[in-house]
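Student: I would like to go through this structure by asking what justifies each label. Can we take the terms one at a time?

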Protein chains: 2
Amino acid sequence: MGLTSSSRASLEAGADPLTVSRPPQAGTIAIAGLGLIGGSLARRLVGRGRTVIAWNHRDAPYERARAAGIECVPRVEDLAAAIPDVLVLCTPLRAMPDVLNRLAPVLDPSTTLTDVGSVKGQVRDEVKAVGLDDRYVGAHPMAGNELSGYAASDPALYDDALWAVTYDETTDYGRMLTVMDMISAGVGNRMIVLDDDTHDRAAALISHMPHVVATALANELTDTDERNIAQALAAGSWRDMTRVALTDPDRTRAMVEEDSANVAELLRHMSARLAVMADVLERESSADPQIVRRALAQSRDFFAKARPYREFKAVDGMKTGTGAECASREERFITVSEHDWRSDLLESAKRGEHIVRIDSPCTFRVQVRTALR
Amino acid sequence: MGLTSSSRASLEAGADPLTVSRPPQAGTIAIAGLGLIGGSLARRLVGRGRTVIAWNHRDAPYERARAAGIECVPRVEDLAAAIPDVLVLCTPLRAMPDVLNRLAPVLDPSTTLTDVGSVKGQVRDEVKAVGLDDRYVGAHPMAGNELSGYAASDPALYDDALWAVTYDETTDYGRMLTVMDMISAGVGNRMIVLDDDTHDRAAALISHMPHVVATALANELTDTDERNIAQALAAGSWRDMTRVALTDPDRTRAMVEEDSANVAELLRHMSARLAVMADVLERESSADPQIVRRALAQSRDFFAKARPYREFKAVDGMKTGTGAECASREERFITVSEHDWRSDLLESAKRGEHIVRIDSPCTFRVQVRTALR
């Protein structure tokens, strides 16, 4: 692993982190929901030496889960009774309110509550509604495939996965470190730490809003009586840009509606960008050479604006291999302050740094993974 | 090959096509431009028994082309002097005006002129500008890859390819049949026949406009200071929807500007669709339950509208195999009238029928390849 020379120098000089006490550890982890994500997480944690206790709304996976070393309990309340360090909600978003209502009266204050939901603001609201927000830390692993259920679970689903860990103004730093220990030492993954809103805005940008755009493209096709001609001429670009419009429309709609405010705002941005380009293309045919000149410059600017993304993807494409290539990623250390850890960690995430190890409660080893200029 | 029972019945009953005379044949074909598309076309035609004479603006590929059985000539004017049945312009769009200017004074009236350009209206305008429109038929093969130049040429590039053959109100039907013979019997491909405008609108819908949308998505990312967070959370849907934004922006811009009126109109449609969905998502949070109810219904309608595309892709996915699966495509015959062949052929294309053989000057065997409801 390559450390930057300045980081290595400060490490060798014995630069002390703010505190040298050991960060809290997540030794016993409870998993509510043994589907694809929860089942894979449970198996991975057991495989890496953690104690895992699990519950599922149907006991169908229990026999195989027990054979994999996972202790299975009949009721979700039994997870709380075991007083685990962390309880991870891996149920679908729609089942969260019910599970939270059952946990609220019995969850020991020492247990930290987290989840793996893809929208963070909504989950925190539901946690608040049952009064468990003082012990909650949000989490969202970038892991999954098109399958579902424990039968499809696979510890390798988490290979080299990134998690988003989310906070709000009330989040307890120690509890967050416990969840971060589960992710880094427990699962062996990397993470970024950010507030719920920033997470949900980013998820809207790279997933929820594009699903609406892909569907709008498909609708443009189905709305014309020349649809079979257009489809006959279609090649890879059309196929790739409409692929997500082929997925279950009810699931897509639910996903979009869970993050509706962010998606609506981004759709307005996109709507405006496309309208501007329509204007520009029309002005390029103007009789006034000055208007044409200005329009051509705007068109060039539009296509040039994506350049940082093109440059990042060109470099990233070279690094997403295995072995030697991965090892060449730049690593450094970050130290956060007791009072400003929220903004310190958010700024680190904005710089494209992913936390790969907790060195002390305030010092983290990070890898520079995404860094668009 | 599966004929529909009614088609087979009429065939067995000896139902006569409108005329039994043989359609014109393209025995000798001239190719101007031995790049990836022209070189592959020349090699494929030679391999299937046609006489091919070729010219390229540089003679670098001549040695290999001659070894492949292609007669190579030093000047584009020499192609005209050979009085071929068809002369195919395979030069880049930007080189067309120059090549056309050189051919105009020397092209024999018996030679039919065609091309392989991806925008048909513009090429026809350039052909008209040099007075060759009386012998021109437009053509656009859906073939290509990310490579370029004769060295990358491969007759297999045209395996199972579809061509668009385009006409306007002045097109000579006999010349069009000559080009169609080159495509069906010569290259061994299928085709749809349509007017230039319909072609260029369809190409804008499934390629040119989506390139602008992909770039707008990438710009949405590069415009936020949370770009590294968003990119960190990105998965397959984002990668697929922005892939074409990574290609050479100058080439994309040129492509969009060649078809600017159609692209502008489609961008306005898309802009409006996205703005409507932004409104709908915002109204779903209204305090008025009637407004919420109506918004939820609109949201369902938006995602339901793509259903014919989903259903088509689900069926098409099963058919795009080889052997038995391909052979199961429905085949039938169409007959066009002497006066209404334009609308007869356009309607066939709209029904998702691809012409695979010329049976007589007015009867074609077609395969139902794309049929969205």
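**Labels and their reasons**

Tutor: Start with a charged pair: in this predicted model, the side chains of A:Arg124 and A:Asp168 form a salt bridge, 3.5 Å from N to O.

Student: Why is the pair A:Arg124 and A:Asp168 called a salt bridge?

Tutor: The rule asks for a side-chain nitrogen of Lys or Arg within 4 Å of a carboxyl oxygen of Asp or Glu. A:Arg124 and A:Asp168 meet at 3.5 Å, N to O, so the pair passes.

Student: What makes A:Arg124 and A:Asp168 a tie between parts apart in sequence?

Tutor: Look at where each residue lies. A:Arg124 is in helix H6 (residues 120–129) of chain A. A:Asp168 is in the loop between strand S8 (162–167) and helix H7 (173–187) of chain A. These parts are 44 residues apart in sequence, so the pair ties them together. Both A:Arg124 and A:Asp168 are buried.

Student: How many salt bridges are there over all chains?

Tutor: A search of the whole structure gives 59.

Student: Take one in chain B. Why do B:Asp115 and B:Lys120 count as a salt bridge?

Tutor: Their side chains meet at 2.7 Å, N to O. The limit is 4 Å, so the pair qualifies.

Student: Are B:Asp115 and B:Lys120 buried or exposed?

Tutor: Buried means under 20% relative accessible area. B:Asp115 has 0%, so B:Asp115 is buried. B:Lys120 also has 0%, so B:Lys120 is buried too.

Student: Which residues of chain A do salt bridges with shared partners join into one network?

Tutor: A:Arg124, A:Lys128, A:Asp168 and A:Asp196.

Student: What makes B:Arg75 partly exposed?

Tutor: Partly exposed is the range between the buried limit of 20% and the exposed limit of 50%. B:Arg75 has 46% relative accessibility, so B:Arg75 falls in that range. The side chain of B:Arg75 meets that of B:Asp78 in a salt bridge, 3.1 Å from N to O.

Student: Is B:Asp78 buried or exposed?

Tutor: B:Asp78 has a relative accessible area of 18%. The buried limit is under 20%, so B:Asp78 is buried.

**Inside the chains**

Student: How do you know that A:Val193 is buried?

Tutor: A:Val193 has 1% relative accessibility, so A:Val193 counts as buried. A:Val193 sits in strand S9 (residues 190–195) of chain A. Beyond four places in sequence, A:Val193 touches several residues, among them A:Val165, A:Tyr167, A:Met176 and A:Leu345.

Student: How far is A:Val193 from A:Gly39?

Tutor: Their C-alpha atoms are separated by 24 Å, with the two positions 154 residues apart along the chain.

Student: Why is A:Ile358 called buried?

Tutor: The relative accessible area of A:Ile358 is 9%, so A:Ile358 is under the limit of 20%. A:Ile358 belongs to strand S11 (residues 353–360) of chain A. Outside its neighbours within four places in sequence, the contacts of A:Ile358 include A:Pro23, A:Leu177, A:Met180 and A:Phe364.

Student: What makes B:Ser348 buried?

Tutor: B:Ser348 has 2% relative accessibility, so B:Ser348 counts as buried. B:Ser348 lies in helix H16 (residues 341–350) of chain B. Leaving aside neighbours within four places in sequence, B:Ser348 contacts B:Ile334, B:Glu353 and B:Val366.

**Between the chains**

Student: How many residues of chain B are in contact with chain A?

Tutor: 97 residues of chain B contact 97 residues of chain A. The two chains bury about 8,900 Å² between them, 66% of it on carbon and sulfur atoms.

Student: How many salt bridges are there between chain B and chain A?

Tutor: The count is 16. One of them joins the side chains of B:Asp279 and A:Arg268, 2.7 Å from N to O. The limit is 4 Å, so this pair also passes.

Student: Which helix of chain B gives the most to the side that touches chain A?

Tutor: Helix H8 (residues 196–222), with 22 residues. By class, that side of chain B has 51 nonpolar, 23 polar and 23 charged residues.

Student: Why are the two copies said to be related as by a two-fold rotation axis?

Tutor: Chain B can be laid on chain A by a turn of 180° and a shift of 0.0 Å along the axis, with an RMSD of 0.0 Å. The copies are therefore related as by a two-fold rotation axis.

Student: How do you know that the copies meet through the same surface?

Tutor: 100% of the interface residues of chain B are interface residues in chain A as well, so the copies meet through the same surface.

Definitions and conventions. Residues are numbered from 1 along each chain as its sequence is written. Chains are lettered from A and ligands numbered from 1 in the order in which they are written. This is a predicted model: local features need pLDDT of at least 70, side-chain atom pairs count only at pLDDT 80 or more; totals for chains, interfaces and linings use all residues. Side-chain values use heavy atoms; hydrogens and water are left out. Contact means heavy atoms within 4.5 Å. Buried area is the accessible area (1.4 Å probe) that two parts lose on being put together, summed over both. Helices (H or I, at least four residues) and strands (E, at least two) are DSSP runs, numbered from the N terminus. Ala, Val, Leu, Ile, Met, Phe, Trp, Tyr, Cys and Pro count as nonpolar, Asp, Glu, Lys and Arg as charged, and the others, Gly among them, as polar. Buried means under 20% relative accessible area, exposed over 50%, partly exposed in between (1.4 Å probe, protein chains only). Copies are superposed by least squares on the C-alpha atoms of residues with pLDDT of at least 70 in both.
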